[in-house]
Protein chains: 2
Amino acid sequence: MLQVPVISVVGWSNTGKTTFLEKLIAELKKRGYRVGTVKHHHGSIELDKPGKDTYRHARAGADAVVIASPEKVGLVRTTEREWSLQQLIALLPDMDIVITEGFKKENTPQIEVYRHGVSERPAAKAEQLIAVVSDIDLEREVPVYNWNDAAGVADLIEHKFLR
Amino acid sequence: MLQVPVISVVGWSNTGKTTFLEKLIAELKKRGYRVGTVKHHHGSIELDKPGKDTYRHARAGADAVVIASPEKVGLVRTTEREWSLQQLIALLPDMDIVITEGFKKENTPQIEVYRHGVSERPAAKAEQLIAVVSDIDLEREVPVYNWNDAAGVADLIEHKFLR
């Protein structure tokens, strides 16, 4: 079902997942890949500011609002129930790779961000874990990268999923 | 190509297109339809606030960012060139009807919002015009509705496109 390769960056809160993801996205972009990301969000999702036109469409009850500029497209839509990762990925058919932040219950390959003093036990599922990114040296059954080594992780991703 | 019925609310600036659309959306929702809207946007399109996680993904170079809550999904993506209306509509496959605000150059059926003193000449294409919504009485070859009569316009839309 998932034609675009999907990998998940997982880890407990405050391990620095977003910071590592920023480095990884920038590295993959530098190598010429089209990168999409997916994340859960627990607050409200708005595309526009209060008073602006598409905000008014949404407030009037529109189930979905699309806005288009010459360089970007934005969509916000209601869903009857929480969408599966597959439904979310289907919004990104033309990416070379999709990276989720979190979604650790899904069966995607996982990279765990480990931070000394924060990560007390593994966040990733052992059978899906392909790498660990850490601020300290660790012994693991999968490759462990220093968390500044986005290039090393990008090499692994290219090798496993993009060639 | 367009399986979901698509109609366009057109009119010159400051005729009250968004205000009329709010009423029409609310009326169609009251009748049980799933309504999507599409609009051009000339500023930046952001899904998240500066400093928040998906904003950081986008700033790091992600070509597309999806966020998902239990009730909503949001997507912002870059496009190589401005997407066609058909590409935009393809984001909304499960709506009962899609209403565009503007897009008057497209070949969709058009409803013109006319406002006395503002609308000096027609904004809609005569061959696509299905109705006019106006703040004054007008003589036209298509039905003319008072601009508070969202119910009348919804009747027309139901009759022409939703039955």
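**Strands, a helix and one leucine**

Biologist: Over how many bridges do E1(B) and E6(B) pair?

Modeller: The two strands pair in the parallel sense, and the count is three bridges. Keep in mind that this is a predicted model. One of the pairings puts Val9(B) of E1(B) across from Ile111(B) in E6(B). So much for the sense and an example; the number of bridges joining E1(B) and E6(B) is three.

Biologist: Which residue in E5(B) stands opposite Ile7(B)?

Modeller: E1(B) also runs parallel to E5(B), joined to that strand by four bridges. Look across from Ile7(B) and you land on Ile99(B).

Biologist: Which residues are buried on the side of E1(B) that holds Ile7(B)?

Modeller: Side chains in a regular strand alternate between the two faces of the sheet. Here Val6(B), Ser8(B) and Val10(B) are buried on one side. The other side is covered too, with Ile7(B) and Val9(B).

Biologist: How far does helix H4 of chain B reach from its first C-alpha to its last?

Modeller: H4(B) covers residues 150–161, twelve residues in total. At 1.5 Å a residue, the expected span is 16 Å, and the helix comes close to that. From first C-alpha to last, H4(B) reaches 16 Å.

Biologist: Over in chain A, is Leu162(A) buried or exposed?

Modeller: Leu162(A) sits in the segment after helix H4 (150–161) of chain A. Beyond its neighbours within four places in sequence, its contacts include Pro5(A), Leu28(A) and Tyr33(A). Its relative accessible area is 18%, and the cut-off is under 20%, so Leu162(A) counts as buried.

Notes
Residues numbered from 1 in each chain as written. Chains lettered and ligands numbered in written order. Predicted model: local features only at pLDDT ≥ 70, side-chain atom pairs only at ≥ 80, totals over all residues. Heavy atoms only, no water. Expected span 1.5 Å × (residues − 1). Buried < 20%, exposed > 50% of the residue type's maximum accessible area, 1.4 Å probe, protein only. Contact = heavy atoms within 4.5 Å. Pairing = 2+ DSSP bridges.
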